[in-house]
Amino acid sequence: MVLGIESSCDETGAGIVQDGKLLAHVVASSMDEHARFGGVVPEVAARAHLHAFNPVVRQALDRAGLRIGQIDAVAVTTGPGLSGALQVGLAGAKTLAYAAGVPLYGVHHLAGHVAADTLEHGPLPEPCVVLIVSGGHTSLLLVRDLVREPILHLGDTLDDAAGECFDKVARILGLPYPGGPAVDRAAREGNPKAVAFPRPLTRPGDDPYAFSFSGLKTAAARWAEQHRLRGQDVPVADGAAALQEAVADVLTRKAMAACKAYDVRTLVVVGGVAANSRVRALAEERCASAGIELRVPPMTLCTDNGAMIAAVGGLLVRSGAEPAPLDVSIDPSAPLEYASLTPRARTAARVA
């Protein structure tokens with residue numbers, strides 16, 4: 001019985017998982033507090049975690065019908081993410097683990113996104129290709145045993161992540177924050193072929209698995225600017241649909257190429273942008289055409305949540321992994337190498 005805590009950005013999440021089965025899942029978001037700034041403010045996020053931590057954990061325990069004394073382990077995100085936000089989650093998780101007398105496990109946030117799919121579809125096939133797409137991360141991974149073996153990066157974003165591109169272009173188009181859902185909604189009324197936006201890094205000779213969305217963002221900004229300079233209204237729906245189509249095309253094209261190159265028959269798409277309707281639909285079309293199984297978590301498990309962290313914690317417990325040391329700290333910029341992430345706190349050098 002593992003309690004998972006997630007606090008890497010603007011969502012405070014607590015989830016409880018037993019033997020790979022989800023028992024409870026509660027998320028409190030501070031997104032509305034950040035919306036007026038057009039993006040996440042780290043200090044605001046940290047304060048929101050402080051207020052939400054206890055109620056969220058209490059609700060998760062209540063929904064599972066459990067007391068804290070019935071928890072066997074606590075898992076917590078130790079990176080990457082916002083430093084202050086991570087510190088709040090780790091401090092709370094340490095307190096819970098100490099109070100319950102159970103081990104604590106540090107978890108890499110992105111490994112949590114990968115594990116989220118296991119709560120819906122069961123154990124991951126070995127190997128599988130995983131496409132992580134979120135506001136801050138876009139990566140193609142080759143995953144074998146998620147908690148026992150190193151995770152192979154086939155490609156990562158060189159600049160803006162896909163979700164970041166959506167947020168920035170949404171602002172340019174006058175759409176609200178967060179940009180991803182706003183672009184998705186606007187695109188329903190638009191023509192995806194109305195604008196010939198570029199497909200970055202898809203020409204022969206380009207890195208087949210790397211991503212770059214900065215140029216796409218710039219192309220969308222110039223397109224909108226041209227309309228305004230001519231005194232014309234920006235056709236927002238068409239721009240949103242064309243942008244969404246370009247992002248979905250690049251993501252799925254590269255993911256399918258990786259599956260073919262590594263002879264993998266399962267593609268797992270996770271992260272907040274996995275909730276985008278066009279990304280999901282195009283992935284379904286291309287996987288069906290290639291005879292590849294597509295696995296995508298439910299919408300509620302695509303965005304940041306504690307259940308995904310609990311899922312990794314459960315896998316670590318069953319694998320016999322060592323718990324985190326007492327001085328486990330955070331690593332706000334930790335690369336994804338292993339699912340377990342237990343950096344040690346730095347000790348100040350002694351002054352002679």
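In the predicted model, the buried residues of helix α10 are V279, L282, A283 and C287. These residues cover an arc of only 130° around the axis, and therefore lie on the same side of α10. An α-helix has 3.6 residues a turn, so residues three or four places apart point the same way. The buried residues of α10 pack against three elements: α9 (236-261), β9 (266-270) and β10 (293-295). On the other side of the helix, A288 and S289 are exposed.

Helix α10 comprises 14 residues, 277-290. At 1.5 Å a residue the expected span is 20 Å, and the end C-alpha atoms are 20 Å apart, which agrees. At the start of α10, the backbone nitrogen of R278 has a side-chain oxygen of N276 within 3.0 Å. Just after the helix, G291 adopts a positive phi of about 75°.

Strand β1 (residues 2-6) is largely enclosed by the rest of the structure, because five of its five residues are buried. Both faces of the strand are covered, with V2, G4 and E6 buried on one side and L3 and I5 buried on the other.

Strand β1 is joined by bridges to β2 and to β4. With β2 (residues 11-18), β1 runs antiparallel and is joined by five bridges; the bridge partner of I5 in β2 is A14. The connection from β1 to β2 is a hairpin through four residues. With β4 (residues 73-79), β1 runs parallel and is joined by four bridges. In this pairing, L3 stands opposite V74 of β4.

Notes:
Residues numbered from 1 in each chain as written. Predicted model: local features only at pLDDT ≥ 70, side-chain atom pairs only at ≥ 80, totals over all residues. Heavy atoms only, no water. Helix = DSSP H or I, 4+ residues; strand = E, 2+ residues; numbered from the N terminus. Expected span 1.5 Å × (residues − 1). Buried < 20%, exposed > 50% of the residue type's maximum accessible area, 1.4 Å probe, protein only. Arc of directions from axis to C-beta. Contact = heavy atoms within 4.5 Å. Polar contact = N/O pair within 3.5 Å; in protein donor to acceptor, adjacent residues only side chain to side chain. Pairing = 2+ DSSP bridges.
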